[in-house]
Amino acid sequence: MRKLYVQKGRLAEQGASTISDINRKKLYLIVGKWGRHQDVLSVYAISGTLLAEIKQHGFGLLPHFDLFKDNERVGSLRRYHLGKKDILIVRGLNWFIVGDLYTSRYRIFHGRRTIMTLQEVTLPFGDYLELSISDEANEALCICIVAILDHIVHSFSKKQSRLYNLRIKYN
């Protein structure tokens, strides 16, 4: 399993982010935004070759996305929120994603086979998301999915901090 790293919360921001290995060698570049109909996130090899894209196809609390690899639609992603647990299904690839919003731990399965695991780690240079991906051919699609997951977790944690933030004014 190859391990890739991206700074936590970085994929949730609009713009460009890099994905690197443990030695901080940059391997992938992810560019784009999401949040509106027809928004696109694109994953490029560091050489500039387009590898995969994820396009937002719907709105609302549970938007859905289309996944593209080599400019061909390979599947569609839909999120189902069940309390503390998140379940996402990628139709077309037959991937099942289950995770926990509070711990940012996710797993992608194809049947019983694990495609990828995602977890937060603290490295000497900051807090990162660690992607352990079993097959290098799936890395670009997994990065697309992680970008969406990072945004979901980031927006959830911002909402949680607003709920518990005390606003006390001193005169």
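What share of the contacts in the chain with a separation of 6 or more comes from residues 24 or more positions apart? In this predicted model, such residues account for 30% of those contacts.

**Figure 1. Overall fold of the chain in the predicted model.** The chain contains one helix and 12 strands. Read from the N terminus, the order of elements is β-β-β-β-β-β-β-β-β-β-β-β-α, so the helix follows the strands. Of the 171 residues in the chain, 45% are buried. The chain exposes about 9800 Å², and carbon and sulfur atoms supply 51% of that area.

**Figure 2. The largest nonpolar core.** This core has 39 residues. The members that touch the most other members are L77, W95, I97, L131 and I145. Helix 1, which spans residues 139-164, gives the most to the core, contributing 12 residues. Nonpolar side chains tend to be buried together in soluble globular proteins.

**Figure 3. Surroundings of L77, a member of the largest nonpolar core.** With neighbours within four places in sequence left aside, L77 is in contact with I54, P63, H64, F65, L88, I89, V90, I97, I145 and I148. Two of these partners, I97 and I145, are listed with L77 among the core residues that touch the most other members.

**Figure 4. S104 in the loop between strand 9 and strand 10.** Strand 9 covers residues 95-100 and strand 10 covers residues 105-110, with S104 in the loop between them. S104 is buried, because its relative accessible area is 4% and the cut-off for burial is under 20%. The side chains of S104 and E120 are joined by a polar contact of 2.9 Å. Apart from neighbours within four places in sequence, the residues in contact with S104 are L118, Q119, E120 and V153. E120 therefore appears both as a contact of S104 and as its polar partner.

**Figure 5. Cysteines C142 and C144.** The count of disulfides comes to zero. C142 is in no disulfide, and the cysteine sulfur nearest to its own, that of C144, is 9.2 Å away. Likewise, C144 is in no disulfide, with the sulfur of C142 as the nearest cysteine sulfur at 9.2 Å. A disulfide requires the two sulfur atoms to be within 2.5 Å, so the pair at 9.2 Å does not qualify. Are these two cysteines buried or exposed? C142 is buried, with a relative accessible area of 0%. C144 is also buried, and its relative accessible area is 0%.

Notes
Residues are numbered from 1 along each chain as its sequence is written. This is a predicted model: local features need pLDDT of at least 70, side-chain atom pairs count only at pLDDT 80 or more; totals for chains, interfaces and linings use all residues. Side-chain values use heavy atoms; hydrogens and water are left out. Helices (H or I, at least four residues) and strands (E, at least two) are DSSP runs, numbered from the N terminus. Buried means under 20% relative accessible area, exposed over 50%, partly exposed in between (1.4 Å probe, protein chains only). A polar contact is a pair of N or O atoms within 3.5 Å; within protein, one must be able to donate a hydrogen and the other to accept it, and residues adjacent in sequence count only if both atoms are side-chain atoms. Contact means heavy atoms within 4.5 Å. A nonpolar core is a set of buried Ala, Val, Leu, Ile, Met, Phe, Trp, Tyr and Cys residues joined through side-chain atoms within 4.5 Å. Accessible areas come from the Shrake-Rupley method with a 1.4 Å probe; for residues, only the protein chains shown count as cover.
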